[in-house]
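Open the model in your viewer and keep the sequence panel beside it. The tour below goes from the whole chain to single residues.

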Amino acid sequence: DIFTFKKLISIWNSNDHIVIANGNPKVKSEIYNRLIKNDIKPSVFIDKTSIISKSVKYKHGLIVMPFCSISSFSELSENVTINYNTNVGHHSKIGSNSFISSMVNIGGGVKIGSQVFIGMGAQIKEGVSIGDNAIVSMGSVVHKDIPSGLIAMGYPARPFRKNDKKTIF
C-alpha cells in the first residue's frame, strides 16, 4: 500500500486524472486525505447517462455512475460517490467521503453527513438527517433521523448498533 502510493506520487502529472473508486467511506477518506496532502485533487467523473440539475453544487472527487438523477439545488461535498441508478432529491446535502450505493432513492431536503454509507436499494424519506459515520443497511426505509455513528437497518430503519470501527466491511 505505501509503496503503491509513493509510486503514484512519484509518477503523478498534473494532466493526469484520478478518482477514488472505493466503497468504504473510511478508506475513501484516508486515500483522499493522502492525495490532498500531496497536492493531488481527485477528478470529477459524471457518466453521460446521468441527469444533474445545473443548480447542483459539487466538489472535486465526485463520482456519479450511470443512470443517476441529482435534482435541483443539491450539494455534494468532496469525494462523494453516487452509484448506479440512484436518485437524489432537491435541496439534499451529502457530506464528504460518503458512498451512496446503487438503486437508492433520497427524498428532497435530506442531509447526509460525512463518511456515511447508504446500502443498496435504501429509501430515505424527504427531510431526514443521517449523521456522520452512519451506515444505512441495504433495503432499509428511513423515516426518521439517524444519529451519527450508528448502523440502522430495517423497514422502518431502526438503530441496530454503534459503528465503533467506522467501517462497513
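How many helices and how many strands does the protein have? Turn on the cartoon view and count: there are 2 helices and 19 strands. The radius of gyration is 16 Å, close to the 15 Å that the globule rule gives for 169 residues, so the protein is as compact as a globular protein of that length. Keep in mind throughout that this is a predicted model.

**The whole chain**

Show the C-alpha trace and turn it about its principal axes. The trace spans about 50 × 40 × 20 Å along them. Next, colour the residues by burial: buried residues make up 45% of the 169 residues. Then switch on the surface. The accessible surface comes to about 9100 Å², and 55% of that belongs to carbon and sulfur atoms.

Colour by charge next. The protein has 20 positive and 11 negative charges, and the mean positions of the two sets are 3 Å apart. As for contacts, take those with a separation of 6 or more: residues 24 or more positions apart account for 15% of them.

**Stop 1: F117**

Select F117, which is found in strand β13, residues 117–118. Is F117 buried or exposed? Its relative accessible area is 15%, and a residue under 20% counts as buried, so F117 is buried.

Now show what surrounds F117. Leaving out residues up to four places away in sequence, F117 touches G23, P25, F99, S101, A134, I135, V136 and I168. Add F160 to the selection and draw a line between the two C-alpha atoms. F117 and F160 are 15 Å apart in space and 43 residues apart in sequence.

**Stop 2: the salt bridge**

A search of the whole structure finds 1 salt bridge. Which residue forms a salt bridge with E78? Select K59 together with E78: the closest N and O atoms of this pair are 3.9 Å apart. The pair links distant parts of the chain, with the two positions 19 residues apart in numbering. E78 is in the loop between β6 (75–76) and β7 (81–82), while K59 is in the loop between β3 (57–58) and β4 (63–64).

Compare how much of each partner can be reached from outside. E78 has a relative accessible area of 19% and is buried. K59, at 43% relative accessibility, counts as partly exposed.

**Stop 3: backbone exceptions**

The last selections concern the backbone. Most residues other than glycine have a negative phi, and most peptide bonds are trans.

Where is P156? Select P156 in the loop between β18 (150–153) and β19 (158–162). Then add Y155 and look at the bond joining the two: the peptide bond from Y155 to P156 is cis, with omega near 0 degrees.

Move to F67, in the loop between β4 and β5 (69–70). F67 is not a glycine, although its phi is positive, at about 65 degrees. Show the surface again here: F67 is exposed, with a relative accessible area of 55%.

End at N133, in the loop between β15 (129–130) and β16 (135–136). Phi of N133 is near 60 degrees, again a positive value in a residue other than glycine. Is N133 buried or exposed? With a relative accessible area of 17%, N133 is buried.

Technical notes
Residues are numbered from 1 along each chain as its sequence is written. This is a predicted model: local features need pLDDT of at least 70, side-chain atom pairs count only at pLDDT 80 or more; totals for chains, interfaces and linings use all residues. Side-chain values use heavy atoms; hydrogens and water are left out. Helices (H or I, at least four residues) and strands (E, at least two) are DSSP runs, numbered from the N terminus. The radius of gyration is taken over C-alpha atoms; the globule rule is 2.2 Å times the number of residues to the power 0.38. Buried means under 20% relative accessible area, exposed over 50%, partly exposed in between (1.4 Å probe, protein chains only). Contact means heavy atoms within 4.5 Å. Accessible areas come from the Shrake-Rupley method with a 1.4 Å probe; for residues, only the protein chains shown count as cover. Lys and Arg count as positive and Asp and Glu as negative; His and the chain ends are not counted. The place of a charge is taken as NZ of Lys, CZ of Arg, CG of Asp or CD of Glu. A salt bridge is a side-chain nitrogen of Lys or Arg within 4 Å of a carboxyl oxygen of Asp or Glu.
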